Amino acid sequence: MTNAMPLVLSCPTKLIGTAVVCFCLLFSVATPAQQPEITGIGPSSGPSFTTFEAPGAGTGASQGTIPFSINTAGAVAGMYYDANNAYHGFMRAATGTVTTFEAPGSGTGAAQGTVSFSINTAGDIAGTYLDARYVYHGFARAPNGKITAFKAPGAGTGAHQGTVPISINTTGVIAGTYLDSSNVYHGFVRGAGGEIAEFKAPGAGTGKSQGTIALSINTAGTIAGLYRDASNAFHGFVRTATGKITTFEAPGAATGSKQGTLPISIDTAGDITGLYRDASYLLHGFVRAATGKITTFEAPGAGTGAHTGTAGFSINTAKDIAGSYLDRSNVLHGFMRAADGKIVNFNAPGAGTGAAQGTVSLSINTAGDIAGTYLDTRYVYHGFVRTP
């Protein structure tokens, strides 16, 4: 992970790399702490923001706090970079108490450590940790703090290979990806009892950095994700709990290298949001209904040139979508798209206004609370929660 994360919209694989799977870039004692927070109140009928820092988060460029997931209760899971650029996991309760933790075996050097990607309704967390040899391992953390490490069968054991859990559903089933010894990606699903099944999407490439990536799993066990083909183009897929895989393309998605369709989040009903890249390398948001109908959308103010545009990152049960867009000046902004298509843009208090600065909204819960990160004028990451 590098400071390329702010450019998530100019290179969606780096979003998936940094915020989700380390795709392109890429100790068991918890420490509760109550951190000072800043709450900003908008208009009387408008939303409010709470910004926060994980204890121990670094304050230099490309350091700080990145929340990835918010559950129904308002608890947030994420990671932070310390002053030595090592990663650490955290969970922030709805009350504001932040608990940091390390998966056993996590490395302590730069670009090593613990990353928590997803939290479910019960407070179970799924994520990955990098050991001292830069190998990825999966973990599940129970609400009582107990951490169980695991690896997918077939996962490679070399540097930047291994197991990356990305999403956990309400029943404790985990979906993710693993990189084998040939640096090919494979999807996996891990049952609540620990059993792991591997799968690949039809058409997935078998070369280096190609293959299948599972990104989101809903209560029914349906998985949304993407695959990279032999030409390095991206395509979407949906996998049912029984193992049936359906592939799809967003209308307008191009078929060249680093172009195509990138689904990121699936809701309880099976609706999916994500982004696609057209032939001009412009990004567009989309929502795919469970019926298969795809609607594309653009956030007001999104850039219209190459490597700018709109991305949907998370969809809730009300079909509200949280995402971000990159404007023509390469500044990041958050947005919330309602089920009726209305889009409201927003910026977190303190977000920078320069290129590769701004607001990234990454997760939305059933109440419409949004969690994400913003980059200030010094390129430091800060966590935020936006409440309606």
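Student: How do you know how confident the predictor is in this protein chain?
Tutor: This is a predicted model, and the protein chain averages a pLDDT of 90, with 88% of the residues scoring at least 70.

Student: What makes residues 1-39 a stretch to handle with care?
Tutor: Over residues 1-39 pLDDT stays under 50, although the model has 123 contacts there beyond four places in sequence. Where pLDDT is low, the predicted coordinates should not be read in detail.

Student: Happy to leave that stretch aside. What makes up the secondary structure of the protein chain?
Tutor: One helix and 30 strands. Of the 388 residues, 62% are buried. The accessible surface comes to about 13,500 Å², and carbon and sulfur atoms account for 53% of that.

Student: Which residues of the largest nonpolar core touch the most other members?
Tutor: They are Ile 66, Phe 68, Met 79, Leu 275 and Phe 313, out of 29 residues in that core. Several strands each supply at least two of its residues, including β4 (64-70), β5 (76-81), β16 (211-217) and β28 (358-364). Another core, of eleven residues, lies apart from it, with Phe 199, Ala 201, Ile 217 and Ile 223 among them.

Student: Why is the pair of Phe 49 and Phe 384 called tilted?
Tutor: Start with the distance: the ring centres are 5.9 Å apart, and a pair needs centres within 6.5 Å. Then take the angle: the planes are 55 degrees apart, whereas stacked needs under 30 and edge-to-face needs over 60. The value falls in the rest, so tilted is the right word.

Student: What does that pair tie together?
Tutor: Phe 49 is in strand β3 (residues 48-52) and Phe 384 in strand β30 (residues 381-387), so the pair ties together parts that are 335 residues apart in sequence. Both Phe 49 and Phe 384 are buried. Ring pairs also link Phe 49 and Phe 384 with Phe 346 into a cluster.

Student: And why is the pair of Phe 248 and Phe 286 called edge-to-face?
Tutor: Its centres lie 6.2 Å apart and its planes are at 75 degrees. The distance is within 6.5 Å and the angle is over 60, so the pair counts as edge-to-face. Phe 248 is in strand β19 (residues 245-248) and Phe 286 in strand β22 (residues 283-288), so parts 38 residues apart in sequence are tied together. The structure holds twelve aromatic pairs.

Student: How do you know whether Phe 248 and Phe 286 are buried or exposed?
Tutor: Phe 248 has 7% relative accessibility and Phe 286 has 0%. Buried means under 20%, so Phe 248 counts as buried, and so does Phe 286.

Student: What makes you say that Arg 288 sits over the ring of Phe 248?
Tutor: Its charged end is 4.6 Å from the ring centre, which is within the 6 Å limit; the direction must also be within 35 degrees of the ring normal. Arg 92 lies over the face of Phe 52 too, at 4.8 Å from the ring centre.

Student: What makes the phi of Tyr 134 worth a look?
Tutor: Phi of Tyr 134 is near 65 degrees, a positive value in a residue other than glycine. Most residues other than glycine have a negative phi. Tyr 134 lies in the loop between β9 (125-130) and β10 (136-141). Asn 183 also has a positive phi, near 65 degrees, and its place is in the loop between β13 (174-179) and β14 (185-190).

Student: Why are Tyr 134 and Asn 183 called partly exposed?
Tutor: Partly exposed lies between 20% and 50%. Tyr 134 has 29% relative accessibility, so it counts as partly exposed. Asn 183, with a relative accessible area of 23%, is partly exposed as well.

Technical notes. Residues numbered from 1 in each chain as written. Predicted model: local features only at pLDDT ≥ 70, side-chain atom pairs only at ≥ 80, totals over all residues. Heavy atoms only, no water. Core = buried A, V, L, I, M, F, W, Y, C linked by side-chain atoms within 4.5 Å. Buried < 20%, exposed > 50% of the residue type's maximum accessible area, 1.4 Å probe, protein only. Helix = DSSP H or I, 4+ residues; strand = E, 2+ residues; numbered from the N terminus. Areas by Shrake-Rupley, 256 points an atom, 1.4 Å probe, with all protein chains shown as cover. Phe/Tyr/Trp six-rings, centres within 6.5 Å; stacked < 30°, edge-to-face > 60°. pLDDT = per-residue confidence, 0-100. Contact = heavy atoms within 4.5 Å.
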